[in-house]
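Trainee: Could we take a close look at one small part of this model? I would like to see how it sits relative to the parts around it.

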Amino acid sequence: QDSRFPQADVDQGGSRGHQVAAGERSPASVGVIDGYPATPPRRREVGPIRSRRTFEALRRSPSKGRSGPLTVSFLEQPAWSRPEVAYAISRRVGGAVVRNQLKRRLRAIVAERAPFLPVGAYVVRTGPGGPLLDFDELKVAMSQALEKATNHRGAGIRPPRADAIGGIR
């Protein structure tokens, strides 16, 4: 008999879990508390900007905020159901790997702040100094730029201070 594994490596014991005979029910779950939702409440998601008109309107938008190497342009859209974001990272920032890594970091920061963002369109731009910032510094710069661009409009909720969401103290 030709086998892939030497006989010593084959588990002869089968399943070691709790065996339930046919027709029986599995035991009740332990540690589940009634009254709590099975999943945490959904956070508001952020979508990509897909409309050319939105990009053109953002270019003319007076609502801009800058902090360090980041610039955020904002266009309020109260009829939308979620914020939409685009990222503009120049080739002067670095090669494709560096730009993609920076884009992933920026997306993570925006996704974390999504519940506090006014509904509208955002373009996040960064210059060559973006990759030089560590994640916490980038988070603080993004929070400050978003705050300047939105001027606390739209959501009715004041966004948390930059240092309250894990920024530099």
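Where is Arg50 found?

Mentor: Happy to walk you through it. This is a predicted model, so local features need pLDDT of at least 70 and side-chain atom pairs count only at pLDDT 80 or more, while totals for chains, interfaces and linings use all residues. Residues are numbered from 1 along each chain as its sequence is written, and side-chain values use heavy atoms, with hydrogens and water left out.

Arg50 lies in the loop between β1 and α1 (52-60); helices (H or I, at least four residues) and strands (E, at least two) are DSSP runs, numbered from the N terminus. Arg50 is exposed, with a relative accessible area of 73%; exposed means over 50%, buried under 20% and partly exposed in between, with a 1.4 Å probe and protein chains only. From C-alpha to C-alpha, Arg50 is 9.4 Å from Val85, though 35 residues separate the two in sequence.

Val85 brings us to the largest pocket, because it is one of the lining residues, along with Val46, Gly47, Pro48, Ala86, Tyr87, Lys103, Arg107, Val110 and Ala111. A pocket here is an open set of points on a 1 Å grid over the protein atoms alone, where a 1.4 Å probe fits, with protein on both sides within 12 Å along at least five of seven lines; lining residues have an atom within 4 Å of a point. Its volume is about 160 Å³, which is the space filled by probe spheres set on the points, joined across faces, edges and corners. At least two lining residues come from each of β1 (47-48), β4 (84-89) and α2 (96-113), with α2 giving the largest share, 4 residues.

Now the sheet that the loop leads out of. Its 5 strands form an open sheet in the order β1-β4-β5-β3-β2, with mixed pairing; two strands pair if DSSP finds at least two bridges between them. β1 and β2 (64-67) stand at the edges with a single partner strand each, so one side of each is left without a neighbour in the sheet. Strands of a sheet pair through backbone hydrogen bonds, either parallel or antiparallel. β2 pairs with β3 (residues 70-76) in the antiparallel sense over 4 bridges, and Ser67 has Leu70 of β3 as its bridge partner.

Finally, the whole chain: there are 3 helices and 5 strands, following the pattern β-α-β-β-β-α-β-α along the sequence. Of its 169 residues, 33% are buried.
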